[in-house]
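Please work through the following exercises with the sequence and the structure side by side, and try each task before reading its solution.

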Amino acid sequence: MSELQNQRVTVELLGKEQQFACPEGQEDALIAAAKNLNDLVEQMKQRSTVRNDQKALLMAALNLSHELLEAKTQATVEQQHQDQLIDKLSLHLANDPKHHRVG
């Protein structure tokens, strides 16, 4: 079995080229993530008085972290709701004589 090969991918972050190791086939995702981060940093600079790249980067990272935590919370709530619906459906099917097999 062959090992997964990491590719060196160069992206631009905060106006400087940076190289990162990236699993093969994930290069486009890394480039898109870097573009998204650059866009967020620019938004932070435009929406606030922050002009320092590092501070804007921290604000963007906090924003992303907040969004991730909200998404995880929402996914948990939705999973619990789906589990409740499955339980109700299973209970209904178990109690419905039409779905009982006659031997």
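The exercises below concern a predicted model, and each task is followed by a worked solution.

**Exercise 1. The hairpin**

Task: Determine how strand 1 and strand 2 run relative to each other and how many bridges join them.

Solution: Begin with the ranges, which are residues 6–13 for strand 1 and residues 16–23 for strand 2. The two strands run antiparallel and are joined by 8 bridges. As a next step, pick out one pair across the hairpin, where V9 stands opposite F20 in strand 2. Finally, turn to the 2 residues between the strands, where L14 takes a positive phi near 55°.

**Exercise 2. The surroundings of C22**

Task: Decide whether C22 counts as buried or exposed, and list what it touches beyond its sequence neighbours.

Solution: First locate C22, which is found in strand 2. Its relative accessibility is 3%, and because buried means under 20%, C22 counts as buried. Then look for contacts, leaving aside residues up to four places away in sequence: C22 touches Q5, N6, Q7, V9, E27 and L30. As a check on distance, C22 and T10 lie 12 residues apart in sequence and 9.9 Å apart in space, C-alpha to C-alpha.

**Exercise 3. The two sides of helix 1**

Task: Which residues of helix 1 are buried, and where do they lie around the axis?

Solution: Start with the helix itself, which has 21 residues and reaches 30 Å from its first C-alpha to its last, close to the 30 Å expected at 1.5 Å a residue. Its buried residues are A34, L40, V41, M44 and K45. These cover an arc of only 140° around the axis, so they lie on the same side of helix 1. The face turned away from that buried side carries the exposed residues D28, K35, Q46 and R47. The last step is to ask what the buried residues meet, and they pack against strand 1 and helix 2.

**Exercise 4. The cores and helix 2**

Task: Identify the residues of the largest nonpolar core and the elements that give two or more residues to it.

Solution: The largest nonpolar core has 6 residues in all, namely L40, V41, M44, V50, A56 and A60. Helix 1 (27–47) and helix 2 are the elements that give two or more residues to this core, and the largest share, 3 residues, comes from helix 1. Apart from this core lies another, of 5 residues, among them V11, L13, C22 and A34. To follow one residue of the largest core in detail, take M44, which touches A56, M59, A60 and N63 when residues up to four places away in sequence are not counted. To finish, inspect the start of helix 2 (residues 53–95), where a side-chain oxygen of N52 reaches to within 2.7 Å of the backbone nitrogen of Q54.

Note on methods
Residues numbered from 1 in each chain as written. Predicted model: local features only at pLDDT ≥ 70, side-chain atom pairs only at ≥ 80, totals over all residues. Heavy atoms only, no water. Pairing = 2+ DSSP bridges. Helix = DSSP H or I, 4+ residues; strand = E, 2+ residues; numbered from the N terminus. Buried < 20%, exposed > 50% of the residue type's maximum accessible area, 1.4 Å probe, protein only. Contact = heavy atoms within 4.5 Å. Expected span 1.5 Å × (residues − 1). Polar contact = N/O pair within 3.5 Å; in protein donor to acceptor, adjacent residues only side chain to side chain. Core = buried A, V, L, I, M, F, W, Y, C linked by side-chain atoms within 4.5 Å. Arc of directions from axis to C-beta.
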